[in-house]
Amino acid sequence: VCAAASSIATTSVNGILALNKESLSYEVSDKGLTIEVLDNEVVTQTLINNMVNLLKDLEEQYPTNIEVK
């Protein structure tokens, strides 16, 4: 589960930043990953929505291992 969540988040964040380095900021802490979206570009929003949907699917399968807020 950890590897899947990490892969989803890393790929999404890196993809967004590769397109526009000003589009988001993020912080990794002991509590998890926090992402702040800084623009309203369609591509950024689409990739963020896709990431959230994938993480929520993972959360449904493993509710004791991952929490999406």
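What radius of gyration would a compact globule with 69 residues have, and what does the protein chain have? A compact globule of 69 residues would come near 11 Å, and the protein chain has 12 Å, which agrees. The model is predicted.

## Overall layout

The C-alpha trace of the protein chain spans about 35 × 25 × 20 Å along its principal axes. Its secondary structure comes to 2 helices and 2 strands, and from the N terminus on the elements run α-β-β-α. Helix α1 covers 2-19 and helix α2 covers 42-61, while strand β1 covers 24-29 and strand β2 covers 32-37.

Of the 69 residues of the protein chain, 25% count as buried. Among the contacts with a separation of 6 or more, 34% come from residues 24 or more positions apart.

## The nonpolar core

The largest nonpolar core holds 12 residues in all: A5, I8, A9, V13, I16, L17, L24, I48, M51, L55, L58 and I66. Helices α1 and α2 each supply at least two residues of this core. The element that gives the most to this core is α1, with 6 residues.

L17 is one of the core residues and lies in helix α1. Its relative accessibility is 19%, so L17 counts as buried, the limit being under 20%. Leaving aside neighbours within four places in sequence, L17 is in contact with S23, L24 and Y26.

I48 also belongs to the core and is placed in helix α2. With 11% relative accessibility, I48 counts as buried. Not counting residues up to four places away in sequence, I48 touches I16, L24, I35 and V37. Of these partners, I16 and L24 are listed in the core.

## Residues around the core

I35 lies in strand β2. Is I35 buried or partly exposed? Its relative accessibility is 23%, so I35 counts as partly exposed; the limit for buried is under 20%. With neighbours within four places in sequence left aside, the contacts of I35 are V13, L24, S25, Y26, I48 and M51. Among these partners, V13, L24, I48 and M51 are core residues.

T44 is found in helix α2. Because its relative accessibility is 3%, T44 counts as buried. Apart from neighbours within four places in sequence, T44 is in contact with I16, S23, V37 and D39. The partner I16 is part of the largest nonpolar core. S23 is a contact of T44 and also a contact of L17.

N49 is found in helix α2. Its relative accessibility is 43%, and N49 therefore counts as partly exposed.

The C-alpha separations for four pairs of these residues are set out below.

| Pair | Separation in sequence | C-alpha to C-alpha distance |
|---|---|---|
| L17 and T44 | 27 residues | 9.0 Å |
| I35 and L24 | 11 residues | 7.0 Å |
| N49 and L17 | 32 residues | 15 Å |
| I48 and I35 | 13 residues | 9.4 Å |

Two of the pairs are also in contact: I35 touches L24, and I48 touches I35.

## The largest pocket

Rolling a probe the size of a water molecule over the atoms shows where empty space is left. The largest pocket has a volume of about 770 Å³. It is lined by 25 residues, and those closest to its centre are G32, L33, T34, L55 and E67. One of these, L55, is also a member of the largest nonpolar core.

Which elements give two or more residues to the lining of the largest pocket? They are α1, β1, β2 and α2. Helix α1 gives the most to this lining, with 7 residues. By type, the lining of the largest pocket divides into 15 nonpolar, 7 polar and 3 charged residues.

Helix α1 thus appears in both descriptions: α1 gives the most to the largest nonpolar core, and α1 gives the most to the lining of the largest pocket.

Definitions and conventions: Residues numbered from 1 in each chain as written. Predicted model: local features only at pLDDT ≥ 70, side-chain atom pairs only at ≥ 80, totals over all residues. Heavy atoms only, no water. Core = buried A, V, L, I, M, F, W, Y, C linked by side-chain atoms within 4.5 Å. Buried < 20%, exposed > 50% of the residue type's maximum accessible area, 1.4 Å probe, protein only. Helix = DSSP H or I, 4+ residues; strand = E, 2+ residues; numbered from the N terminus. Contact = heavy atoms within 4.5 Å. 1 Å grid on protein atoms, 1.4 Å probe; cavity = no way out; pocket = protein on both sides within 12 Å on 5 of 7 lines; lining within 4 Å. Points joined across faces, edges and corners; volume = space filled by probe spheres on them. Nonpolar A, V, L, I, M, F, W, Y, C, P; charged D, E, K, R; others polar. Rg over C-alpha atoms; globule rule 2.2 N^0.38 Å.
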